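Student: I'm new to this one, and I'd like a close look at a single part. Could you walk me through the second largest pocket and the aromatic rings around there?

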Amino acid sequence: MLLMLFTMSISFSACGDDDDDISSSSLVGTWWVDGGTTNRWVFSSDGSFQSVNTVIAGVPQTRTGTYSVSGNTLVISIKAVAGSNNAYTNTYLIYSLTSTQLVLIDMDEYETITLLK
């Protein structure tokens, strides 16, 4: 079912015109994953990105990196933590975006992620 939804969204987005392009400025701000209070993503106007997750024993786990938007595709590149080689890049389809809700489809895991402002 999710694969069918993903395929349909790709098909529809491929038929869109340039008016459907999403501006990176639309993402700027703090977004809470699933509307919770323990995991937030922060998009800055300079293209920097920060993910803060406080699920693990209440201690914030912060990851930093950069992000870019092209059309309806969001790419987030996370820097390696000091002393490790765990840098990575995730690509997301921006399924929908309003001033208070961002719905992404993770292109690697095919999972839907909902963020609220």
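Tutor: Sure, let's start with the space itself. In this predicted model, the second largest pocket holds about 180 Å³ of space. Its lining is made up of Asn-39, Trp-41, Phe-49, Ser-51, Asn-53, Gln-61, Arg-63, Ile-76, Ile-78, Tyr-88, Asn-90 and Tyr-92. Strands β2, β3 (48–53), β4 (61–70), β5 (73–78) and β6 each give two or more residues to that lining. Sort the lining residues by character and you get six nonpolar, five polar and one charged.

Now pick out Trp-41, one of the lining residues. Searching the whole structure turns up five aromatic pairs. In one of them, Trp-41 meets Phe-43 edge-to-face, with 6.4 Å from centre to centre and 65° between the planes. Trp-41 is buried, at a relative accessible area of 9%, and Phe-43 counts as buried too, with 1% relative accessibility.

Trp-41 also pairs with Tyr-92: the ring centres are 5.8 Å apart and the planes sit at 55°, so this pair is tilted. Trp-41 belongs to strand β2 (residues 39–43) and Tyr-92 to strand β6 (residues 88–97), so the pair ties together parts that are 51 residues apart in sequence. Both Trp-41 and Tyr-92 are buried, and both also appear in the pocket lining.

Step back, and the rings join up: Trp-41, Phe-43, Phe-49, Tyr-67 and Tyr-92 form one aromatic cluster. Among the cluster members, Trp-41, Phe-49 and Tyr-92 help line the second largest pocket.

Note on methods. Residues are numbered from 1 along each chain as its sequence is written. This is a predicted model: local features need pLDDT of at least 70, side-chain atom pairs count only at pLDDT 80 or more; totals for chains, interfaces and linings use all residues. Side-chain values use heavy atoms; hydrogens and water are left out. Rings of Phe, Tyr and Trp (its six-membered ring) pair if their centres lie within 6.5 Å; planes under 30 degrees apart count as stacked, over 60 as edge-to-face and the rest as tilted. Buried means under 20% relative accessible area, exposed over 50%, partly exposed in between (1.4 Å probe, protein chains only). Helices (H or I, at least four residues) and strands (E, at least two) are DSSP runs, numbered from the N terminus. On a 1 Å grid over the protein atoms alone, a cavity is a set of points where a 1.4 Å probe fits but cannot get out, and a pocket is an open set with protein on both sides within 12 Å along at least five of seven lines; lining residues have an atom within 4 Å of a point. Grid points are joined across faces, edges and corners, and a volume is the space filled by probe spheres set on the points. Ala, Val, Leu, Ile, Met, Phe, Trp, Tyr, Cys and Pro count as nonpolar, Asp, Glu, Lys and Arg as charged, and the others, Gly among them, as polar.
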